[in-house]
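Thanks for sharing this one. Here are a few notes on its ring contacts and internal spaces, to read with the model open beside you.

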Amino acid sequence: MSALSGHAFVKMNGLGNEIVVVDMRGAPAAITAADARAAATPQGASYDQMMALYPPRTGDTDAYVRIYNNDGSEAGACGNGMRCIAELMFRETGKDALTFETPAGLLNTWKGAAPLVSTVDMGAPRFSWNEIPLAEEFADTRCIELQIGPIDKPILHSPSALSMGNPHAIFWVADVMAYDLGKIGPLLENHPIFPERANISLCAVTSREHIVVRTWERGAGLTKACGSGACAAAVAAARLKKTGRAVTVTLPGGDLKIEWRERDDHVLMTGPVAFEYEGRFDPSLFSAVA
């Protein structure tokens, strides 16, 4: 029987990034890729990412979190999803600060100044080609050799690449809405240069303190907001001296505040979350899986 059959869930979103939270702490069974895909169907609870809470595996942490994309693959990081589960656990525990273990490492979260607003420490970005990872060596990942379209007139070219717990490529454009990201995104996500696929972002720099971003998420597709994508774009812009280390990132779903902290290189993301509804997964969703 599927671990999600009849299981309760909470549907939330972070700036329109659709998040489903399932609490597996009481019965920590494994969720398969097929389970995750079935749960993401319209008959279940359509989502970009599903955040699964498990009992802590290490001391001084509040929970272990596994993150599933709607295609069943696992993600290393999801900033908007982390803010969602943090809000649930702030209410449950009465704490103002929490530490979660994720596949990308330990992430600290704390309440913001306003209700339903919180900050996540996404950790330090990784820039080495083999840590992102890329399929071939680049001495400087601020700009890698990659383009799509005709050689003499590419549609997009020369992205920045880095990891925020998952791989990101950021293309610099004047207008993020001028491209069919729904068509271009999957081609670039699955480009051979990315052995683990990649999140593909378009970024327009409007000032030293403001950038505009759209992201095609690896394993999820177009999204109204990708938290790790916003972090990656902000860091990439600062690396290229296009902006300072603190920016407002405007996404289709709204704004995030991103700071690439100088003293330890950690990336702090602050933004809102919203509750949508609660429910239970119909066991019939998983009959084909079983």
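1. Tyrosine 277 is a good place to begin in this predicted model: with a relative accessible area of 37%, tyrosine 277 is partly exposed. Phenylalanine 9, at 5% relative accessibility, is buried because the cut-off for that class is under 20%.

2. The structure has four aromatic pairs. In one of them, phenylalanine 9 meets tyrosine 277 edge-to-face, at 6.0 Å centre to centre and with 80° between the planes. This contact joins strand S1 (residues 8–14) to strand S19 (residues 274–280), the two residues being 268 residues apart. Ring pairs also tie Phe9, Tyr277, Phe281 and Phe286 into a cluster.

3. Do look at phenylalanine 127 and tryptophan 260, another edge-to-face pair, with 6.1 Å between centres and 70° between the planes. Phenylalanine 127 sits in the loop between strand S8 (117–121) and strand S9 (147–148), while tryptophan 260 belongs to strand S17, 133 residues apart. Phenylalanine 127 is partly exposed at 21%, whereas tryptophan 260 is buried at 9%.

4. Which residue lies over the face of tryptophan 260? It is arginine 245, at 4.0 Å from the ring centre. Lysine 242 lies over the face of tryptophan 172, at 5.1 Å from the ring centre.

5. Arg245 and Trp260 both appear in the lining of the second largest cavity, which has a volume of about 30 Å³. Helix H4 (227–239) and strand S17 (254–260) each supply at least two lining residues there. By class, that lining has six nonpolar, two polar and two charged residues.

6. The largest cavity holds about 50 Å³ of space. Its lining has three nonpolar, five polar and two charged residues, including Gln49, Glu217, Arg218 and Cys226.

How values were computed: Residues are numbered from 1 along each chain as its sequence is written. This is a predicted model: local features need pLDDT of at least 70, side-chain atom pairs count only at pLDDT 80 or more; totals for chains, interfaces and linings use all residues. Side-chain values use heavy atoms; hydrogens and water are left out. On a 1 Å grid over the protein atoms alone, a cavity is a set of points where a 1.4 Å probe fits but cannot get out, and a pocket is an open set with protein on both sides within 12 Å along at least five of seven lines; lining residues have an atom within 4 Å of a point. Grid points are joined across faces, edges and corners, and a volume is the space filled by probe spheres set on the points. Ala, Val, Leu, Ile, Met, Phe, Trp, Tyr, Cys and Pro count as nonpolar, Asp, Glu, Lys and Arg as charged, and the others, Gly among them, as polar. Helices (H or I, at least four residues) and strands (E, at least two) are DSSP runs, numbered from the N terminus. Rings of Phe, Tyr and Trp (its six-membered ring) pair if their centres lie within 6.5 Å; planes under 30 degrees apart count as stacked, over 60 as edge-to-face and the rest as tilted. Buried means under 20% relative accessible area, exposed over 50%, partly exposed in between (1.4 Å probe, protein chains only). A charge sits over a ring if NZ of Lys or CZ of Arg is within 6 Å of the ring centre and within 35 degrees of the ring normal.
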